[in-house]
Amino acid sequence: MKLNISYPATGCQKLVEIEDEKKMRSFYEKRMGQEVEGDPLGEEFKGYVFRISGGNDKQGFPMKQGVLTNLRVRLLLSKGHSCYRARRDGERRRKSVRGCVVDSNLSVLALVVVKKGPTEIPGLTDVSIPRRLGPKRASKIRKLFNLSKEDDVRHYVVKRKIEPKEGSKRHVKFASPKIQRLVTPMALQHKRR
């Protein structure tokens, strides 16, 4: 079985293949959302605690939260349900999904690191991927940089550097998001009307 382990603190994820069935037994009969210790998986995962966040079976059908079985079922899904994307307004469709209980018929199990152990896992906890985009909403920019109400949010927007293509004569450009919920004198004037 493959384990797709993600670590939200660094933004990294790693695919680990585990051949030994005995190591995986600690995950069997557990449900999505439950926390499992990583000690049985091997020395490198000692002290780690994982949360089961999903998975796919050998035919590629995804696990769905709330379906309390380890078998495959056909459910009538509509907009807002996981495992389904509505193509039209009001569309419903009967889809095959797998229950939220883990068993040996899964090909991939998705795990999230909840508690980090004493050792680093190479490619997962030792490297950090910076977030590509910064916040767009004015209050969230203030929160990120610990700004007061008096500070101008527009000076703190996270800009993205756009390099010109090879051989073009254009200069380096910077792109930044349009700030939402920004209180400007114009916005106050509209409010007064």
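# A tour of salt bridges, a pocket and a sheet

Begin by selecting Glu163 and Lys161, which form a salt bridge whose closest N and O atoms lie 3.5 Å apart; bear in mind throughout that this is a predicted model. Of this pair, Lys161 is exposed, with a relative accessible area of 53%.

While the charged side chains are displayed, add Asp57, Arg72, Arg98 and Asp103, which salt bridges with shared partners join into one network. Within that group, zoom in on Asp57 and Arg72, where a salt bridge brings the closest N and O atoms to 3.2 Å from each other. This pair links distant parts of the chain, since Asp57 belongs to strand 4 (residues 49–57) and Arg72 to strand 5 (residues 72–77), with their positions 15 residues apart in numbering. Is Asp57 buried or exposed? With a relative accessibility of 2%, Asp57 counts as buried, whereas its partner Arg72 is partly exposed at 38%.

Next, select Lys116 and Glu120, another salt-bridged pair, in which the closest N and O atoms are 3.1 Å apart. Here Lys116 is partly exposed, its relative accessible area being 31%, and Glu120 also counts as partly exposed, at 44%. In total, the model holds seven salt bridges.

Now turn to the largest pocket, which has a volume of about 180 Å³. To display its lining, select Arg142, Lys149, Asp151, Asp152, Val153, Arg154, Arg181, Leu182, Val183, Thr184 and Pro185. How many of these lining residues are charged? Colouring the selection by residue class will show six charged residues, together with four nonpolar and one polar.

Finally, switch to a cartoon view and look for the open sheet of five strands, whose order is 2-1-7-4-3 and whose pairing is mixed. At its edges stand strand 2 (12–17) and strand 3 (35–37), and because each has a single partner strand, one side of each is left without a neighbour in the sheet. Looking across the sheet, you can follow a twist that averages 35 degrees from one strand to the next.

For a closer view of the pairing, select strand 1 (residues 2–7) and strand 7 (residues 106–115), which run in the parallel sense and are paired over five bridges. One place to centre the view is Ile5, whose bridge partner in strand 7 is Leu111. Showing the backbone atoms is useful at this stop, because strands of a sheet pair through backbone hydrogen bonds, either parallel or antiparallel.

Definitions and conventions. Residues are numbered from 1 along each chain as its sequence is written. This is a predicted model: local features need pLDDT of at least 70, side-chain atom pairs count only at pLDDT 80 or more; totals for chains, interfaces and linings use all residues. Side-chain values use heavy atoms; hydrogens and water are left out. A salt bridge is a side-chain nitrogen of Lys or Arg within 4 Å of a carboxyl oxygen of Asp or Glu. Helices (H or I, at least four residues) and strands (E, at least two) are DSSP runs, numbered from the N terminus. Buried means under 20% relative accessible area, exposed over 50%, partly exposed in between (1.4 Å probe, protein chains only). On a 1 Å grid over the protein atoms alone, a cavity is a set of points where a 1.4 Å probe fits but cannot get out, and a pocket is an open set with protein on both sides within 12 Å along at least five of seven lines; lining residues have an atom within 4 Å of a point. Grid points are joined across faces, edges and corners, and a volume is the space filled by probe spheres set on the points. Ala, Val, Leu, Ile, Met, Phe, Trp, Tyr, Cys and Pro count as nonpolar, Asp, Glu, Lys and Arg as charged, and the others, Gly among them, as polar. Two strands pair if DSSP finds at least two bridges between them. Axes are lines fitted to C-alpha atoms, for helices over the stretch in contact, and angles run from 0 to 180 degrees between N-to-C directions.
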